[in-house]
Structure formats: structure tokens, C-alpha cells
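The following exercises concern a single protein model. Please work through each task with the sequence and the coordinates at hand, then compare the result with the solution.

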Amino acid sequence: NPVHRYASTGRYIVRLCVIDSFVCNSPDCFIDTINLSSVVNASFTTPPTGCVPYKPVFVNNSLGGTDWIWDFGDGTTSNEFEPASKVYDRTGTYIIRLTAIDSSTCNIIDDTTVTITVLDNPTASGYANPVIGEANKPINFFNTSTGAISYLWDFGDGETSTSVEPSHVFNESRQYTVNLIAFNVAGCTDTFPITVTATVIPLLDVPNAFTPGKFGANGIITVAGFGIGKMDWRIYNRWGQLIFHTTNRKEGWDGTYKGALQPMDVYTYTLDVQFTDGKKYRKTGDISLLR
């Protein structure tokens, strides 16, 4: 009484033969036919949320189906394999049902449901104060958006912020278009532009001491200033060895060289800067590394 597992659907002829050399009619065989049908399994995926007007994407993952009935939960239906023209114009929660039919399968019909939520789009809005900034001072931005859960401020100078209401110091005197992008829970966005004018007076300074390895502002030494367009900063130890170099105005020295914290000592530096107004300036000095 054997048990056999068939790997796929189809029509199989099964033969059972009995063999006995002591009887006249040996062997004797019995033949039967087995038809194995597939099972229909309705399955699909679609994003759980969207914003009006929402045009969902349906991925039909069903097995064994030949005919389809889509019920979109709003009184409309479709018989396409993957409907591509459905649009939800109203907010709400909808139960989408897919029915798969295949008369050649064992269970003929199967269905499944997925619930989606259609939301309103967020509305981005905000303002700046002051609109015309004071020299070398931050401009404050205020957020009056609705229907959003997160934000991205694009200041128009290559810098961004995800704060709800940031302040920003611009590095060049000119007019900027700052874009506030609001995101809702479905990832839908709205953008609101704010025009501001920045005033920058070029200034430059380098602290003369710092305490690496400590927490806080004094743990790393950086170039301070306004209107720095390009710079080349080099720091040397007392033997003239270059131990730090950067052209990034936001990068500072943490007091290490090749991963090793340097000893307490006085280090020299050269700093070449081109300001955003085109003027060039060189500064040299000493930095005391303290513990």
C-alpha cells in the first residue's frame, strides 16, 4: 500500500501488477487514471494608504485563477487581472475584495480582502521672521501646516532641516526661496515657498584652545565665522608635521592624528579663506590642546 506525492497537476495513469510465477496468468495488472487539479488561491497586494485623488497599484498574486472579480468597496467593480484605472476621489476606509475563479480547480472559487485608507493631502504653510535678516543673525521659521506628521525645510543654500520650526544662518548675502515640505502618514506631500533675504558680513575667528575628549562645544575645535565660501585649514605640531587638514568649513579637529589622541601642547595653523563676496584672507595662529 504505497503513498506517492505528485509534484504537479495533470493526468496520471497508475498501473498495479501482481506477479506470481506459480500461476498460469502471471502477471496480472490493474490500470487506473488519476486527475490532479490545482487549487485556486486569491491573493493580491496594494499599499495600505494613499491620498485623494488616489490611484492604487494592485499586484495580483493569485494562483489557479482564470476569471477575476474586483470589488473596490465603493460600489465599483472590475474584471481585469490587475486594474490600473481605479481612482478614489473621496477620503475614507475601503475594503477591497478579490474573487478568483477557475472551474478546472478543486475548489473553483476563492476570495480575499485588503483594507486601505484614503486620506486628505497635507497643507504646507509657514512664515519667516524676520523676512529681511539682520547681519550674521539667524532667520526664524514658523510652521502653520495642517494634516502633516513630519517636515523638511530646504533653505535653498544646500542645507536642510527636519525640525518643525528651525532657525537658520545663511552664509551669503542674497535672496533665498525656502521650501517647506509637509508629509502626512501616507507619505503624501505639499510644498510651501517662503522668500527671505539674508545679510552676511564676512567674519572669521579660530579659538585658541580646546579640550578634546570632553563633551560639549570645547571637545572639537572648528573655524567660526560668517560668509566663508572656501577655506583651506592646516594644523601642525611643534615639529612641523601636518596632523590635520580640511577644506570643509563645518569640519573640526578632534585632537587626534591617525586615530591617536595628541599630547597637551601648542599647535600652529594656517587658514586660507575666500569669502562669499570674493575677498580672500589668510589667518595664522596657535591652538593650545588642554586636558
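**Exercise 1. The segment before the first strand**

Leaving aside its neighbours within four places in sequence, with which residues is Tyr6 in contact?

*Solution.* The model is a predicted one, in which local features need pLDDT of at least 70, side-chain atom pairs count only at pLDDT 80 or more, and totals for chains, interfaces and linings use all residues. Residues are numbered from 1 along each chain as its sequence is written, and side-chain values use heavy atoms, with hydrogens and water left out.

Step 1. Locate the residue: Tyr6 is found in the segment before strand E1 (10-18). Strands (E, at least two residues) are DSSP runs, numbered from the N terminus.

Step 2. List the contacts, where contact means heavy atoms within 4.5 Å. Apart from its neighbours within four places in sequence, Tyr6 is in contact with Tyr12, Val14, Ile34 and Leu36.

Step 3. Classify the exposure. Buried means under 20% relative accessible area, exposed over 50%, and partly exposed in between (1.4 Å probe, protein chains only). Tyr6 is partly exposed, because its relative accessible area is 28%.

Step 4. Add a distance: between the C-alpha atoms of Tyr6 and Trp253 there are 70 Å in space, and the two residues are 247 apart in sequence.

**Exercise 2. Two open sheets**

Determine the strand order of the open sheet of 5 strands and identify its edges.

*Solution.* Step 1. Two strands pair if DSSP finds at least two bridges between them. With this criterion the order is E4-E9-E8-E6-E7, and the pairing is mixed.

Step 2. Strand E4 (49-51) and strand E7 (77-78) each have a single partner strand, so one side of each is left without a neighbour in the sheet.

Step 3. Within this sheet, strand E6 (residues 67-71) runs antiparallel to strand E8 (residues 92-101), and 5 bridges join them. Trp68 has Ala100 in E8 as its bridge partner.

Step 4. Turn to the open sheet of 3 strands, which has the order E10-E11-E14 and antiparallel pairing. Strand E10 (126-129) and strand E14 (167-168) are its edge strands, each pairing on one side only. E10 pairs with strand E11 (residues 139-143) over 4 bridges, and Tyr127 stands opposite Phe142 in E11.

**Exercise 3. A hairpin and its loop**

Describe the hairpin formed by E24 and E25, and the surroundings of Thr276.

*Solution.* Step 1. E24 and E25 pair in the antiparallel sense over 10 bridges; in E25, Thr284 is the bridge partner of Thr270. The hairpin has 4 residues between its strands, and Gly278 in the turn has a positive phi of about 95°.

Step 2. E24 also pairs with strand E20 (residues 228-236), in the antiparallel sense over 8 bridges. There, Ile228 has Phe275 in E24 as its bridge partner.

Step 3. Thr276 lies in the loop between strand E24 (265-275) and strand E25 (280-289). Thr276 is partly exposed, since its relative accessible area is 27%.

Step 4. Not counting residues up to four places away in sequence, Thr276 touches Asn171, Glu172, Gly227, Ile228 and Gly229. The side chain of Thr276 reaches the backbone oxygen of Asn171 at 3.2 Å.

**Exercise 4. The largest pocket**

Which residues line the largest pocket, and how do they divide by class?

*Solution.* Step 1. On a 1 Å grid over the protein atoms alone, a pocket is an open set of points with protein on both sides within 12 Å along at least five of seven lines, and lining residues have an atom within 4 Å of a point. Grid points are joined across faces, edges and corners, and a volume is the space filled by probe spheres set on the points. The largest pocket holds about 240 Å³.

Step 2. Its lining consists of Glu159, Val169, Phe170, Asn171, Thr222, Val223, Ala224, Gly225, Phe226, Ile228, Arg249 and Lys250. Strand E19 (residues 224-226) gives the most to this lining, with 3 residues.

Step 3. Ala, Val, Leu, Ile, Met, Phe, Trp, Tyr, Cys and Pro count as nonpolar, Asp, Glu, Lys and Arg as charged, and the others, Gly among them, as polar. The lining accordingly has 6 nonpolar, 3 polar and 3 charged residues.

**Exercise 5. A residue in strand E13**

Is Ser161 buried or exposed?

*Solution.* Step 1. Ser161 lies in strand E13 (residues 160-161). With a relative accessible area of 14%, Ser161 is buried.

Step 2. Beyond its neighbours within four places in sequence, Ser161 is in contact with Tyr151, Leu152, Trp153, Phe155 and Pro166.

Conventions: 1 Å grid on protein atoms, 1.4 Å probe; cavity = no way out; pocket = protein on both sides within 12 Å on 5 of 7 lines; lining within 4 Å. Polar contact = N/O pair within 3.5 Å; in protein donor to acceptor, adjacent residues only side chain to side chain.
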